[in-house]
Amino acid sequence: MSGNIQLLSDTLEQAAAENRAALIAYLPAGFPTVDGGIEAVKAVFDGGADIVEVGLPHSDPVLDGPVIQTADDIALRGGVKIADVMRTVREAHEATGKPVLVMTYWNPIDRYGVERFTAELADAGGAGCILPDLPVQESAVWREHAEKHGLATVFVVAPSSKDERLATITAAGSGFVYAASLMGVTGTRESVGEQAADLVRRTRATSALPVCVGLGVSNAVQAAEVATFADGVIVGSAFVKRMLDAADQAAGIAAVRELAGELARGVRRVS
């Protein structure tokens, strides 16, 4: 079975045709429970997200700030497995028909087996993977299997990336480019800043791939700001924090649905 890279591309193209940025949400699998995590992903789609990244919880998430680290710890203590990540992708995609990616560090894939992982992700209806710590120069085996199974390979670029490096990264990637708006770990910020707009401009100069901005966006005002210059707005910690702060699972699911609605209106706001 082939993965859903085309659905991902079509979704981003549709958002562009509507003269807006796509809303991309992140939630870790297995948080607060496997079933609860699946319902949360469905709720975010229901609220207005175009695409969801399902995080594969990791014990050493170097890109992730304390909010996502806390959620990952809850999921890992709950015994989450890669099979649960695949189930989350499958059930969320089947319920909504929308593109679902996995965001993961490289070590779990390496241990699981690249062929096994890509085949199972494609079979689950996944659209691809975001791989924040896989160096492009070491990615050939992954990209070969991802392409064979119809999966996008999304790499992360940062403000520190030189133009030559940006060109190397974007030439190897597919689906879209994840532009980290600032140096550091994930988490909500008071402002996203001009660095992000400059990074998008420099990245677009190297590639026709959509450029989606993450790290720091937490509310509709920031989403509207980023939507003026990016093809997609990525929000993670704000969703996870709503779940963490909720009195119970049902309240958390309602809270992420509400936030998705607010952010969806933000990316549609005319500046």
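## Reading the labels in this predicted model

Analyst: Let's start with a pair of helices: helix H6 (residues 114-123) and helix H7 (residues 140-148) pack at about 30 degrees, with their axes 9 Å apart. This is a predicted model, where local features need pLDDT of at least 70, side-chain atom pairs count only at pLDDT 80 or more, and totals for chains, interfaces and linings use all residues. Residues are numbered from 1 along each chain as its sequence is written, and side-chain values use heavy atoms, leaving out hydrogens and water.

User: What makes H6 roughly parallel to H7?

Analyst: Angles under 35 degrees count as roughly parallel, over 145 as roughly antiparallel, 65 to 115 as roughly perpendicular and the rest as oblique. The angle here is about 30 degrees, so H6 is roughly parallel to H7.

User: Which residues make the contact of H6 with H7?

Analyst: On the H6 side they are Val-114, Glu-115, Phe-117 and Thr-118, and on the H7 side Val-141, Trp-142, His-145, Ala-146 and Lys-148. Contact means heavy atoms within 4.5 Å.

User: Why is H3 called oblique to H11?

Analyst: The axes of helix H3 (residues 66-77) and helix H11 (residues 237-245) come within 9 Å and cross at roughly 55 degrees. That angle fits none of the three named ranges, so H3 is oblique to H11. In H3, Val-67, Ile-68, Thr-70, Ala-71 and Ile-74 meet Ser-237, Val-240, Lys-241 and Leu-244 of H11.

User: How do you know that Ser-161 is buried?

Analyst: Its relative accessible area is 12%. Buried means under 20%, exposed over 50%, and partly exposed in between (1.4 Å probe, protein chains only), so Ser-161 counts as buried. Ser-161 is found in the loop between strand S6 (156-157) and helix H8 (163-172). Leaving aside neighbours within four places in sequence, Ser-161 is in contact with Leu-166 and Arg-202.

User: Why does Glu-91 count as partly exposed?

Analyst: Glu-91 has 28% relative accessibility, which lies between the two cut-offs, so Glu-91 is partly exposed. Glu-91 is in helix H4 (residues 82-96), and touches Ile-38 and Lys-42, not counting residues up to four places away in sequence. Glu-91 and Lys-42 are 49 residues apart in sequence and 8.6 Å apart in space, C-alpha to C-alpha.

User: What makes a set of residues a nonpolar core?

Analyst: The residues must be buried Ala, Val, Leu, Ile, Met, Phe, Trp, Tyr or Cys, joined through side-chain atoms within 4.5 Å. The largest such core here has 91 residues, and those with the most contacts inside it include Phe-117 and Trp-142. Its largest share, seven residues, comes from helix H12 (residues 249-267).

Terms used:
Axes fitted to C-alpha atoms, helices over the stretch in contact; angles between N-to-C directions. Helix = DSSP H or I, 4+ residues; strand = E, 2+ residues; numbered from the N terminus.
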